[in-house]
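Where do the ligands sit, and what surrounds them? This report takes the pockets and the ligands in turn.

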Amino acid sequence: MTKDKLKIPNHVAIILDGNGRWAQEKNMTRSEGHWHGFNNLETLSDYIFEKGVKILSVYAFSTENFKRSKTEVNYLMHLFSEGFKRYSKRLAKKNVKIVFSGRRDPLPKKVLKIMDKVTEDTKNNTDCIFNICVNYGGQYEILDAVKKVVNDIKEDKIKEEDLDLDMLNHYMYQDLAPVDLMIRTSGEHRLSNFLLWQNAYAEFYFPKTYFPAFDEKEFDKAIVEYNQRNRRFGGINYENENS
Ligand code: IPE
Ligand code: IPE
Ligand code: MG
């Protein structure tokens with residue numbers, strides 16, 4: 001199969017993992033690892049959209065990451081408030097809409113302000129969506145959706161009998177198409193509460209590479225691997241069977 005014939009997944013999700021271990025191996029601080037990871041995401045996301053991916057979701061900070069030291073959490077918040085501004089300027093030129101998924105509380109006001117500005121500044125961009133998950137937890141996302149549904153039923157905005165999978169998807173933080181390819185860098189084989197609803201039929205890919213070193217070539221390998229998967233969605237792909 002030639003390279004340009006490869007199928008490109010519509011929605012790619014990445015768990016940006018391994019910044020700390022990458023830094024440790026290089027005798028750097030964890031913060032330096034995050035800094036390199038964040039810079040890598042800036043150029044890698046360009047490449048991913050150029051390849052034809054329409055939706056890119058990234059796990060930047062989980063609800064559970066608040067358990068980390070104050071120094072590490074503060075550094076990450078600082079990185080987000082500086083970095084998202086930079087991302088927004090770059091992606092605005094490429095017609096990419098930036099959206100954020102996650103709970104607002106207890107994110108610092110400064111970070112929320114930047115997130116709101118970036119959302120506003122890119123809201124009319126139509127080519128691609130960059131979904132940045134900050135203070136995100138998949139179980140909380142489902143819980144928050146259920147609460148909104150219950151409330152809307154109570155207020156007669158929707159009827160219980162009309163509720164179906166599409167409508168429930170609409171109640172998630174973002175109304176996005178399902179994930180096709182889910183990548184977790186650093187060799188861990190778990191979801192750590194990421195996009196539980198959206199990953200229902202995603203193909204999973206677990207490279208050993210730490211995120212700061214996960215470059216364009218590594219992403220290309222993920223696409224090649226994705227093309228070797230046989231997605232059946234519970235049915236049977238009769239083209240591949242001797243019937
Ligand atoms: C991922 O890298 C970034 C965040 C969770 C914010 P880690 O910080 O988890 O790096 P490791 O897993 O400790 O190497
Ligand atoms: C998941 O990575 C969260 C992000 C990458 C933002 P973690 O490093 O927090 O996950 P665990 O603790 O190894 O499961
Ligand atoms: Mg980790």
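## Terms and model

Helices here are DSSP runs of H or I with at least four residues, strands are runs of E with at least two, and both are numbered from the N terminus. The model is predicted.

## The largest pocket

The largest share of the lining of the largest pocket comes from α2, with 5 residues. Helix α2 spans 30–51. Three other elements, α1 (19–25), β2 and α3 (70–92), also supply at least two residues each.

The space in this pocket is about 570 Å³. Its lining counts 28 residues, and L16, D17, A60, N65 and R68 are the closest to the centre. By class, the lining splits into 11 nonpolar, 8 polar and 9 charged residues. Ligand 1 sits in the largest pocket. Ligand 2 sits in the largest pocket too.

## Ligand 1

Which residues are the closest to ligand 1? They are L16, D17, R21, R30 and R68, out of 13 that surround the ligand. Helix α1 gives the largest share of this shell, 3 residues. At least two residues each come from α1, α2 and α3. The shell holds 3 nonpolar, 5 polar and 5 charged residues.

Polar contacts to ligand 1 involve both side chain and backbone. A side-chain N or O atom of D17 is 2.9 Å from an oxygen atom of ligand 1. The backbone contributes at G20, where an N or O atom lies 3.0 Å from a ligand oxygen. At R21, a backbone N or O atom lies 2.7 Å from an oxygen atom of ligand 1. On its own, ligand 1 has 380 Å² of accessible area, and the protein covers 88% of it.

## Ligand 2

The residues around ligand 2 are I15, L16, D17, Y59, A60, F61, S62, N65, R68, R184, R190 and S192. Strand β2, residues 55–62, gives the most to this shell, with 4 residues. By class, the shell has 5 nonpolar, 3 polar and 4 charged residues.

Side chains make the following contacts with ligand 2. An N or O atom in the side chain of S192 is 2.7 Å from an oxygen atom of the ligand. For R190, a polar side-chain atom lies 2.8 Å from a ligand oxygen. D17 places a polar side-chain atom 3.3 Å from an oxygen atom of ligand 2. Taken alone, ligand 2 exposes 390 Å², and the protein buries 77% of that.

## D17 and its neighbours

D17 appears around both ligands. Its side chain is 2.9 Å from an oxygen atom of ligand 1, and a polar atom of that side chain is 3.3 Å from an oxygen atom of ligand 2. L16 and R68 are among the closest residues to ligand 1, and both also belong to the residues around ligand 2. L16, D17 and R68 are also among the residues closest to the centre of the largest pocket.

## The second largest pocket

How much space lies in the second largest pocket? The volume is about 250 Å³. Of its 14 lining residues, N169, P178, W197, Q198 and A200 are the closest to the centre. The lining divides into 9 nonpolar, 2 polar and 3 charged residues.

Notes: Residues are numbered from 1 along each chain as its sequence is written. Chains are lettered from A and ligands numbered from 1 in the order in which they are written. This is a predicted model: local features need pLDDT of at least 70, side-chain atom pairs count only at pLDDT 80 or more; totals for chains, interfaces and linings use all residues. Side-chain values use heavy atoms; hydrogens and water are left out. A residue is near a molecule or strand if one of its heavy atoms lies within 4 Å of it. A polar contact is a pair of N or O atoms within 3.5 Å; within protein, one must be able to donate a hydrogen and the other to accept it, and residues adjacent in sequence count only if both atoms are side-chain atoms. Accessible areas come from the Shrake-Rupley method with a 1.4 Å probe; for residues, only the protein chains shown count as cover. On a 1 Å grid over the protein atoms alone, a cavity is a set of points where a 1.4 Å probe fits but cannot get out, and a pocket is an open set with protein on both sides within 12 Å along at least five of seven lines; lining residues have an atom within 4 Å of a point. A molecule sits in a cavity or pocket if more than half of its atoms lie within 2 Å of its grid points. Ala, Val, Leu, Ile, Met, Phe, Trp, Tyr, Cys and Pro count as nonpolar, Asp, Glu, Lys and Arg as charged, and the others, Gly among them, as polar. Grid points are joined across faces, edges and corners, and a volume is the space filled by probe spheres set on the points.
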